[in-house]
Amino acid sequence: MYEKIGTDQDGRELRLMDVLESEPIDVVGNLETQKNIRRMQECMGHILNKREQQVITERYGLDGHTERTQREIAASLGISRSYVSRLEKRALEKLKNELSE
């Protein structure tokens, strides 16, 4: 791992370790994030109405959906972009209140 394998374009020594080195993986952080996402999705089912669930799911790309803009969601639902914005804001506030308890 520490043996010299060559030099870079600036003439500095390269070691195998330099080439293989990568960013450390935050396993605990990833697990915590996954846990929080599952908890939020569970809350969505009993806190949000169907339209709010649809807006949040599509807006943030949950459950395998692709992230969409408010304008795209509005067009698919046949409502205004400003109404999508209000639905999103209300849904996020409900989720925030539930998850902070």
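This passage looks at helix α2 and the nonpolar core to which it contributes. The structure is a predicted model, in which local features need pLDDT of at least 70 and side-chain atom pairs count only at pLDDT 80 or more, while totals for chains, interfaces and linings use all residues. Residues are numbered from 1 along each chain as its sequence is written, and side-chain values use heavy atoms, leaving out hydrogens and water.

Helix α2 (helices being DSSP runs of H or I, at least four residues, numbered from the N terminus) spans residues 27–47. Its 21 residues reach 30 Å from the first C-alpha to the last, close to the 30 Å expected at 1.5 Å a residue (1.5 Å times one less than the number of residues). Within α2, M40, C43, M44 and I47 are buried (under 20% relative accessible area with a 1.4 Å probe, protein chains only; exposed means over 50%). They lie on the same side of α2 because they cover an arc of only 110° around the axis, taken from the directions from the helix axis to the C-beta atoms. The face turned away from that buried side carries the exposed residues V27, L31, E42, G45 and H46.

What covers the buried residues of α2 includes α3 (50–59) and α5 (81–100). In helix α3 sits T57, which counts as buried because its relative accessibility is 9%.

The largest nonpolar core (buried Ala, Val, Leu, Ile, Met, Phe, Trp, Tyr and Cys residues joined through side-chain atoms within 4.5 Å) has nine residues, including L48, I56 and L62. Two or more residues come from each of α2 and α5, and α2 gives the most, with four.

Methods. Contact means heavy atoms within 4.5 Å.
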